[in-house]
Amino acid sequence: MSQNETLFARAQRVIPGGVNSPVRAFRAVGGTPRFITRGEGAHIVDADGKRYIDYIGSWGPMILGHGHPAVLEAVQKAALDGFSFGAPTEREVELAEEILGLVPSCEQIRLVSSGTEATMSAIRLARGATQRSKFIKFEGCYHGHTDALLVKAGSGLATFGHPTSAGVPEATAQHTIVLEYNNVAQLDEAFALHGPELACVIVEPIAGNMNFVRASVPFMTRLRELCRRHGALLVLDEVMTGFRVGLRSAQGLYADLIPGFVPDISVFGKVIGGGMPLAAFGASREIMRHLAPLGGVYQAGTLSGNPVATACGLATLREIRKPGFFDALSAKTRRLVDGLKRVADENGVPFSVDSEGGMFGFFLMSELPQNYTTVMTTDKERFNRFFHAMLDAGVYLAPALYEAGFVSAAHTDADIDATLEAARQALR
Ligand SMILES: *Cc1c(COP(=O)(O)O)cnc(C)c1O
């Protein structure tokens, strides 16, 4: 037995399914998950000593690669001063100032420990601020594992959603309306039916939890208009896209494409913690004043704004805002996806790719899908064969066809060339 197999067997005895987050279990692709012992730049090493080029990057946070010297130094220094005080620290203020300086749509921000917590709190804030209960989400967008967000579409737009997880009461799902991503007609219809009762719409501006699907400009334009007209708040879940697709996040990209585009509430995570448990939600002062201790919307956290996590996040943000960082990262990512497309074309494999900043997606279909239903028509067997061939060749891609991929600043041209060569063999 390999060390990975031994560890997985041991893990399954003491941890349900052997993992602390389901997608790590490789259930979608089969096989044994790799137990990672360490990371170095763009590479990770498993328990059998095998080295991989890492395109997961902890599902987004590791935008600088593993063990960036400036981040390591900041974390080590912070740890020496203490792990947690449950009292305010200057570093929280610094991180809030840093984020707000890069996100003009937010005037204030609250730090929490996970993306799940941040989106849950953002929904509560939207409900508290509007004094309404219902909200819209879209199929294929993931916003963490809060009860009200683990919901799939009901039978029609006049009906509410159904839980996608056991343990979520039907009643909890009853305020959640689930629509198809990029479907403007459904949006119009849902607002016509429920407009005055909607607290908010929550959306991933570039969906990274159904591989990589952009919100179309007409869709985002209409969404912004309808929210404004009906007094519903537009919540952009940028937990994945924030500081990953560009320094101004996805909202910066849409502001360039749609005049006057600005979200009401923004949610961040992943990159802002640089690999430590840290997330945040922010908005105008007018909206944020509803939060405790100023207002009636309760929200709290023992480890919120943790001193070591904020040091890690700050050091990461200070690196990525250096001039030219995203130009170089975007060029690298494009080199990867253009290369994959070329290799697929050479082998006559239907293939489409998209990327933005350090985030990418590839599909085993000739045209980029626009919604979850289309993403899920992917030839699963073919994807799984490709995934395992790449893994054997030392390329660590996401173990499911509905996940996005991530390139870090530490990936070299040689890493990308090696990846393309592996893909050439795998697709042959
Ligand atoms: C990862 C993710 C979350 C959940 O964040 P966790 O830190 O895993 O709780 C929420 N929304 C989006 C868009 C994400 O990608």
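**Group meeting: a walk through a two-domain model**

Let's start at one residue pair: V353 sits across from F362, which belongs to strand 16. Before I go on, keep in mind that this is a predicted model.

So, what's around that pair? Strand 15 and strand 16 are joined by five bridges, and the two run antiparallel. They make a hairpin with two residues between the strands, and in that turn G357 has a positive phi of about 55°.

Now zoom out a little. The hairpin strands belong to an open sheet of three strands, ordered 15-16-18, and the pairing is antiparallel. Strand 15 (352-356) and strand 18 (405-406) are the edges, each of them pairing on one side only. On the strand 18 side, strand 16 (residues 359-363) is held by two bridges, again antiparallel. If you want a residue to click on there, F360 stands opposite G405 of strand 18.

Which helix lies across strand 15 and strand 16? That's helix 11, residues 325-346, and its direction is at about 180° to strand 15.

Okay, domains. The protein splits into domain 1, which is 3-67 + 323-427, and domain 2, which is 69-320. Their C-alpha centres are 25 Å apart. How many residues of each domain are in contact with the other? For domain 1 the count is 27, and for domain 2 it's 30. On the domain 1 side, helix 11, strand 15, strand 16 and helix 12 (372-375) each put in at least two residues. Strand 16 contributes the most to that side, with four residues. So what's the chemistry of the domain 1 side that touches domain 2, by residue class? You get 16 nonpolar, eight polar and three charged residues.

Next stop, the other sheet. This one is open too, with seven strands in the order 4-14-13-12-9-5-8 and mixed pairing. The edges here are strand 4 (108-112) and strand 8 (176-179), each pairing on one side only. From one strand to the next, the twist averages 20°.

Within that sheet, look at strand 13 (residues 265-268) and strand 14 (residues 279-283): four bridges join them, and they run antiparallel. V267 has F281 in strand 14 as its bridge partner. Helix 8, residues 249-257, lies across strand 12 (233-238) and strand 13, and it runs at about 125° to strand 12.

There's also a helix pair to show you. Helix 6 (residues 184-194) packs with helix 7 (residues 217-230) at an angle of about 10°, and the axes are 10 Å apart. At that angle, the two helices are therefore roughly parallel to each other. Who meets whom? From helix 6 it's V184, L187 and F191, and from helix 7 it's P218, F219, R222, L223, L226 and H230. Sorted by class, that contact between helix 6 and helix 7 has seven nonpolar residues, one polar and one charged.

Now the bit I guess you've been waiting for, the ligand. How many residues surround the ligand? There are 15, and the closest are S114, G115, T116, V239 and M240. Helix 4 (residues 115-130) gives the most to that shell, with three residues. And is the shell just grease? By class, the shell around the ligand has four nonpolar, nine polar and two charged residues.

Last, two backbone spots you may want to look at yourselves. As a reminder, most residues other than glycine have a negative phi, and most peptide bonds are trans. First spot: the peptide bond joining A292 and P293 is cis, with omega about 10°. P293 is in the loop between helix 9 (285-288) and helix 10 (307-320). Second spot: F26, which isn't a glycine, has a positive phi, near 65°. You'll find F26 in the loop between helix 1 (3-14) and strand 1 (36-40).

Okay, that's the tour.

Note on methods. Residues numbered from 1 in each chain as written. Predicted model: local features only at pLDDT ≥ 70, side-chain atom pairs only at ≥ 80, totals over all residues. Near = placed C-beta within 6 Å. Nonpolar A, V, L, I, M, F, W, Y, C, P; charged D, E, K, R; others polar. Pairing = 2+ DSSP bridges. Contact = placed C-beta atoms within 7 Å. Axes fitted to C-alpha atoms, helices over the stretch in contact; angles between N-to-C directions. Parallel < 35°, antiparallel > 145°, perpendicular 65-115°, else oblique. Domains from an automatic or database assignment.
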